[in-house]
Amino acid sequence: MLTINQLGCDYPQHPLSFTLSVTAGERVVILGPSGAGKSTLLNLIAGFIPASQGEVWIADQNVTALAPAKRPLSILFQENNLFTHLTVKQNLALGLSPAMRLSAVQQEKLLALADRTGLLPLMDRLPAQLSGGQRQRVALTRCLLREQPLLLLDEPFSALDPALRQEMLVLTQALCRENHLTLMMVSHQLADARFLADRCIVIDQGEMAWSGTWQQLEKGDIEAARMLGVTPANDP
Ligand SMILES: Nc1ncnc2c1ncn2[C@@H]1O[C@H](COP(=O)(O)OP(=O)(O)OP(=O)(O)O)[C@@H](O)[C@H]1O
């Protein structure tokens with residue numbers, strides 16, 4: 001589904017170069033120390049940071065030279081995902097049409113998904129009139145309306161309180177399953193991986209340092225776990 005090969009950019013501190021493959025429908029949680037290159041990896045895949053080397057292949061298509069909007073993926077950041085002057089409904093409509101002019105079928109689709117994610121009572125509000133969790137629910141719903149096969153999440157729930165965070169993880173897992181999405185999510189929490197990940201990747205100093213299961217990390221007896229500060233009795 002996703003293959004990247006020596007994908008990198010020239011940051012002055014140290015070069016970054018990533019090589020990895022993700023299969024269709026796989027849910028991968030990306031962990032690693034602060035500054036390791038996790039966000040850069042997602043931004044290189046999405047095309048927001050131009051690659052100075054390497055290639056990105058998504059669903060058998062070389063997308064390395066494509067503009068971000070042309071790549072078959074959606075990306076969600078920690079915050080600032082919504083247009084502040086547009087209502088929830090308008091923000092959602094942008095997922096289907098840049099001009100927000102929807103056909104009857106698209107309207108129906110939008111309302112059905114908004115119902116699924118609990119947004120119907122909020123449709124006429126502006127983002128400033130929503131809680132942080134509600135805003136992320138809108139942004140996640142818009143990602144899904146785009147119906148792209150690859151979903152990239154960059155610490156999307158880290159500003160939320162634990163209960164809301166758990167609610168969003170449950171929703172994300174359900175929506176990924178229902179829509180057969182391939183997921184790559186950056187997180188600082190091994191608990192997210194425990195809940196969501198088929199596989200964990202640890203990034204260190206601009207490259208992939210380790211790949212395996214959250215159970216292996218949780219044991220705390222491998223170098224990748226030590227890198228994250230995980231010991232058997234200590235979840236980072
Ligand atoms: N625009 C930029 N120009 C130059 N260097 C950058 C730029 N953005 C990030 N970096 C550097 O690239 C490295 C990787 O940054 P990145 O934001 O990808 O790390 P991260 O693993 O996501 O960190 P965190 O967990 O703290 O969010 C860091 O050393 C950072 O200082």
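How much of the chain over residues 2-230 is helix, and how much is strand? Over that stretch the chain is 34% helix and 24% strand, and the C-alpha atoms at its two ends are 28 Å apart. These residues carry a label in UniProt: an unreviewed entry there lists 2-230 as "domain: ABC transporter".

Before we walk through the fold, keep in mind that this is a predicted model. The mean pLDDT of the protein chain is 91, with 98% of its residues at 70 or more. Within the chain, confidence is highest in strand β3 (residues 27-31), at 97, and lowest in helix α5 (residues 162-178), at a mean of 88. For the complex, the predictor gives an ipTM of 0.95 and a pTM of 0.90.

Let's begin with the sheet of four strands. It is open, its order is β2-β1-β4-β5, and its pairing is antiparallel. At the edges stand β2 (16-22) and β5 (61-62); each has a single partner strand, so one side of each is left without a neighbour in the sheet. Further in, β1 and β4 pair in the antiparallel sense over five bridges, and here Gly8 stands opposite Gln53 in β4. Strand β4 (residues 53-58) is also joined to β5, by two bridges, and these strands run antiparallel. If you look for a bridge pair here, Ile58 has Gln61 in β5 as its partner. The hairpin of β4 and β5 has two residues between the strands, and Ala59 in this hairpin takes a positive phi near 50°.

Now turn to the sheet of six strands. This one is also open, and its order is β6-β7-β8-β3-β9-β10, with mixed pairing. Its edge strands are β6 (73-76) and β10 (207-212), each of which pairs on one side only. From one strand to the next, the twist averages 20°. At the β6 end, β6 pairs with strand β7 (residues 150-154) in the parallel sense over four bridges. Ser74 has Leu151 in β7 as its bridge partner.

Which helix can you follow across strands of both sheets? It is α1 (residues 38-46), which lies across β3, β6, β7, β8 (182-186) and β9 (199-204) and runs at about 150° to β7. Helix α1 also lies across β1 (2-9), β2 and β4, running at about 110° to β1.

Finally, look at the ligand. Which residues are around it? Tyr11, Pro12 and Gln13 are among them, as are Gly32, Ser34, Gly35, Ala36 and Gly37, together with Lys38, Ser39 and Thr40. Sorted by class, this shell has three nonpolar, seven polar and one charged residues. To place part of the shell in the fold, recall that α1 covers residues 38-46; Lys38, Ser39 and Thr40 are around the ligand.

Notes. Residues numbered from 1 in each chain as written. Predicted model: local features only at pLDDT ≥ 70, side-chain atom pairs only at ≥ 80, totals over all residues. pLDDT = per-residue confidence, 0-100. Pairing = 2+ DSSP bridges. Axes fitted to C-alpha atoms, helices over the stretch in contact; angles between N-to-C directions. Contact = placed C-beta atoms within 7 Å. Near = placed C-beta within 6 Å. Nonpolar A, V, L, I, M, F, W, Y, C, P; charged D, E, K, R; others polar. UniProt positions renumbered as here; feature names shortened; annotations may be inferred.
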